[in-house]
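Have the sequence and the model open side by side for this one. Below is a short tour of a few spots worth looking at.

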Amino acid sequence: MTSINEQPIPAARPVIGEDEIEAAVRVLRSGRVVQGPEVAAFEEGFSRLVDGRHCVAVNSGTSALQLLLLALGIGPGDEVIVPSFSFAASANAVRLTGADVVFADIEPDGFGLDPAAVEAAITPRTAAIMPVHLYGHPAAMDKLMPIAEKHRLAVVEDACQAHAAALNGRPVGAFGAGGTFSFYPTKNMHALEGGMVTTADAGLARTLRLLRNQGMEQRYANEIVGANMRMTDVSAAIGRVQLAKVEEWTEQRRANAAYLDAHITAPAVTTPPVAEGARHVYHQYTVRIRGDRDAAMARLTEAGVGNAVYYPTPIHRLKPYWEPDQKAGRTWELPRTEKAAAEVVSLPVHPSLTRNDLERIVAAVNSLGENL
């Protein structure tokens, strides 16, 4: 039970400090608030996180995914292979283009797409693979990229939870035809709201800029059918402040995770796996709990340790996907996905944690023992 003098430890804590407030006020006073110099500067700065790729800022991570798929020409008649163990936005972006979602299972020990399952899911209609760098851990890009090249498929990276993550020294968002990031308030860095698309292809970047701005580069000279998915300069200014701090925050997250790894000993709890060569940035510190997960979470909450399940229902079991697939006679055999969804719990790992917070988290988790 939480001590009367101890506050509950939140599962996540967005950072909105004086620097962010001052940046927002500065832009508001300037009068240039949409698609102006702050957005351009944020794009340029973010490029350094993704090996110098072109960066196109938009209004959300979901928009980033949708526009990237559209810019690649993916639409009705195409299939995109997506993990079911992810946030619904990964699949929603595909559906919004008119393409079909094909779900593939995750790795035996991790949470990313299983390369063997991906290869088995490829059909003549497959146009792209969407690896999700879930919880801040890079997907198995070293194995997925050769599969994509062999079958001439686009790779669309969903890196919305993985700012500054890397595999074998290469940052996520710099592997495929394009990568996407989210700047929602609980992400490792935020812009209040927003997204970014990254690509090495200058032509694709220009198409993305047209798509986000009603299909025009010059006012009233519309070249293609587009939408309004622009980022505001207020968001970009906040994003620039956060970008300057994200490396320090990332190292703090990694240090917090290392402490938890070293001190969590409860037999019923498995700490997060990290693949060889992976730089995990711990958007979430996600353990597996064997036994009664609900009871374990209730005990953690009683001890003042915030916790959450991301994601309790795999996408293929959500109503917008389950019902149409059932009508079409499609079934998905995803045992690893089902198992993960039934076992995962995310614990606090954010950079605001103190040493006392970490000790309280460890004590609460270890008190679960092995009989759940």
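Two residues are in contact here when they have heavy atoms within 4.5 Å of each other. Keep that in mind for the neighbour lists below. One more thing before starting: this is a predicted model.

## Asn307 and its neighbours

Let's begin with Asn307, which sits in the loop between helix 10 and helix 11. Leaving aside residues up to four places away in sequence, Asn307 touches Ala11, Met297, Leu300, Thr301, Val345, Ser346 and Leu347. Is Asn307 buried or exposed? Its relative accessible area is 15%, and the cut-off for buried is under 20%, so Asn307 counts as buried.

The side chain of Asn307 has polar partners too. One is the side chain of Thr301, with a polar contact of 3.2 Å. Another is the backbone of Val305, whose oxygen is 2.9 Å from a polar atom of the Asn307 side chain.

## A cis peptide in the loop

Where is the cis peptide bond? Look between Tyr310 and Tyr311, where omega is about 20°. Tyr311 belongs to the loop between helix 10 (293-302) and helix 11 (319-327), and Asn307 is found in the loop between those helices as well.

## A three-stranded sheet

Leu347, one of the residues that Asn307 touches, also turns up in a sheet, where Leu347 of strand 13 stands opposite Tyr285. The sheet is open and antiparallel, with three strands in the order 10-12-13. Its edges are strand 10 (269-270) and strand 13 (344-347), each of which pairs on one side only. Between strand 12 and strand 13 there are four bridges, in the antiparallel sense.

## His280, ahead of strand 12

Next comes His280, in the loop that runs from strand 11 (278-279) to strand 12 (285-289). What makes His280 count as buried? Its relative accessibility is 3%, so it falls under the 20% cut-off.

With residues up to four places away in sequence left out, His280 touches Tyr135, Gly136, His137, Arg254, Pro273 and Val274. Ala166 is worth finding as well: it is 114 residues from His280 in sequence, yet the two C-alpha atoms are 7.3 Å apart. Within its own loop, the His280 side chain has a polar atom 3.0 Å from the backbone nitrogen of Tyr282.

## Two cavities

Rolling a probe the size of a water molecule over the atoms shows where empty space is left. How many cavities of 30 Å³ or more turn up in the whole structure? The search finds two. The largest has a volume of about 100 Å³. Its lining is made up of 15 residues, with Arg13, Pro14, Val15, Lys187 and Arg253 nearest the centre. By class, that lining splits into seven nonpolar, five polar and three charged residues.

The second largest cavity holds about 50 Å³ of space. Its lining includes Ala11, Arg253, His283, Gln284 and Leu347. Some of these names should look familiar: Ala11 and Leu347 are among the residues that Asn307 touches, and Arg253 is one of those nearest the centre of the largest cavity. The classes here are five nonpolar, four polar and one charged.

## Helix 3

Helix 3 (residues 61-71) is mostly covered, with nine of its eleven residues buried. Among them are Gly61, Ser63, Gln66 and a run from Leu67 to Leu69.

Both ends have something to show. At the start of helix 3, a side-chain oxygen of Ser60 comes within 3.4 Å of the backbone nitrogen of Thr62. Just after helix 3, Gly73 has a positive phi of about 80°.

## Positive phi without glycine

Gln35 is not a glycine, but its phi is positive at about 50°. You'll find Gln35 in the loop between helix 1 (18-30) and helix 2 (37-47), and at 26% relative accessibility it is partly exposed.

Asn168 is another non-glycine residue with a positive phi, near 50°. Asn168 lies in the loop between strand 6 (166-167) and strand 7 (170-171). Which class does Asn168 fall into, buried or exposed? With a relative accessible area of 55%, Asn168 is exposed, because the cut-off for that class is over 50%.

Notes: Residues are numbered from 1 along each chain as its sequence is written. This is a predicted model: local features need pLDDT of at least 70, side-chain atom pairs count only at pLDDT 80 or more; totals for chains, interfaces and linings use all residues. Side-chain values use heavy atoms; hydrogens and water are left out. On a 1 Å grid over the protein atoms alone, a cavity is a set of points where a 1.4 Å probe fits but cannot get out, and a pocket is an open set with protein on both sides within 12 Å along at least five of seven lines; lining residues have an atom within 4 Å of a point. Grid points are joined across faces, edges and corners, and a volume is the space filled by probe spheres set on the points. Ala, Val, Leu, Ile, Met, Phe, Trp, Tyr, Cys and Pro count as nonpolar, Asp, Glu, Lys and Arg as charged, and the others, Gly among them, as polar. Helices (H or I, at least four residues) and strands (E, at least two) are DSSP runs, numbered from the N terminus. Buried means under 20% relative accessible area, exposed over 50%, partly exposed in between (1.4 Å probe, protein chains only). A polar contact is a pair of N or O atoms within 3.5 Å; within protein, one must be able to donate a hydrogen and the other to accept it, and residues adjacent in sequence count only if both atoms are side-chain atoms. Two strands pair if DSSP finds at least two bridges between them.
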